[in-house]
Structure formats: structure tokens, C-alpha cells
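Reader: Got a minute to walk me through this one? I'd like to start with the overall layout and then get into the details.

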Amino acid sequence: MKIRVLIAEDNESIRKWYQVSLQEAEDIDLLPMAANGYEAISLAARYHPDVVILDIEMECKDAGIMAGYQILAMNPETNNYYAHGTRG
């Protein structure tokens, strides 16, 4: 059984990096990617991912952290992982 992974990242270059890094893994089903917290919540409600990787510095939805809370409230079995990057 494949692990369904949702990526939520507002930086397109980083989304592409995740896609390239994960798309060849045989045990990962990479779901459509979100560019902000609102999209992450919507996609999580639709696809019920096993894992969500959230950028905590996204500009929408309180930097992704609130999106993570809402995703967990909808899907308690989902594992959220928070990624932090520097902007500058």
C-alpha cells in the first residue's frame, strides 16, 4: 500500500524539488500540491492523505500551522510534518 503524501508549500521551486525528490519513490503516492494553507485544507479534505508536509512560513492561513491544526481535526490519522525555511 502506498503512502499518500500532500505537500503544502508556497514557493514553486521548493514544490518542484519535493515533486522531483518524491515522484520516483515506489511506496509514495504524491497527491496534488497546495500553494497555501487554504488549498492544503481543501486537498486534505478531498484526498485524506497519510502524511502532510506543511511550510510553516506560508503567507495564507497563519503560516501553515493553523492549516495543520484544521487538517488534523478533519483527519486525526494524518501525520503532519512542518518544514521551515528562510526567506531573504
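Author: Here we go through the sheet, a helix, the cores and one loop residue.

Author: This is a predicted model, where local features need pLDDT of at least 70, side-chain atom pairs count only at pLDDT 80 or more, and totals for chains, interfaces and linings use all residues. Residues are numbered from 1 along each chain as its sequence is written, and side-chain values use heavy atoms, with hydrogens and water left out.

Reader: OK, what's the strand order in the sheet?

Author: The open sheet of four strands runs β2-β1-β3-β4, with parallel pairing. Strands here are DSSP runs of E, at least two residues, and helices are runs of H or I, at least four, numbered from the N terminus. Two strands pair if DSSP finds at least two bridges between them.

Reader: And which are the edge strands?

Author: β2 and β4, as each pairs on one side only. β1 and β2 pair over three bridges, and Val5 stands opposite Leu30 in β2.

Reader: Switching to α1: which residues are buried there?

Author: In α1, residues 12–22, the buried ones are Arg15, Tyr18 and Leu22. Buried means under 20% relative accessible area, exposed over 50%, and partly exposed in between, with a 1.4 Å probe and protein chains only.

Reader: Why do they line one face?

Author: Seen down the axis of α1, the buried residues fall within an arc of 60°, so they line one face of the helix. That arc is taken from the directions from the helix axis to the C-beta atoms. Ser13, Trp17 and Val20 are exposed on the other side.

Reader: What do the buried ones pack against?

Author: They pack against β1, β2, β3 and β4, where contact means heavy atoms within 4.5 Å.

Reader: Now the largest nonpolar core: which members touch the most others?

Author: Of its 13 residues, those are Leu6, Ala8, Ala34, Ala40, Val52, Leu54 and Ile71. A nonpolar core is a set of buried Ala, Val, Leu, Ile, Met, Phe, Trp, Tyr and Cys residues joined through side-chain atoms within 4.5 Å.

Reader: Which element gives the largest share?

Author: α2, with four residues. A second, separate core of seven residues includes Val5, Leu22, Ile28 and Val51.

Reader: Last one, where is His48?

Author: In the loop between α2 and β3. Phi of His48 is near 50°, a positive value in a residue other than glycine. His48 counts as partly exposed, at 37% relative accessibility.
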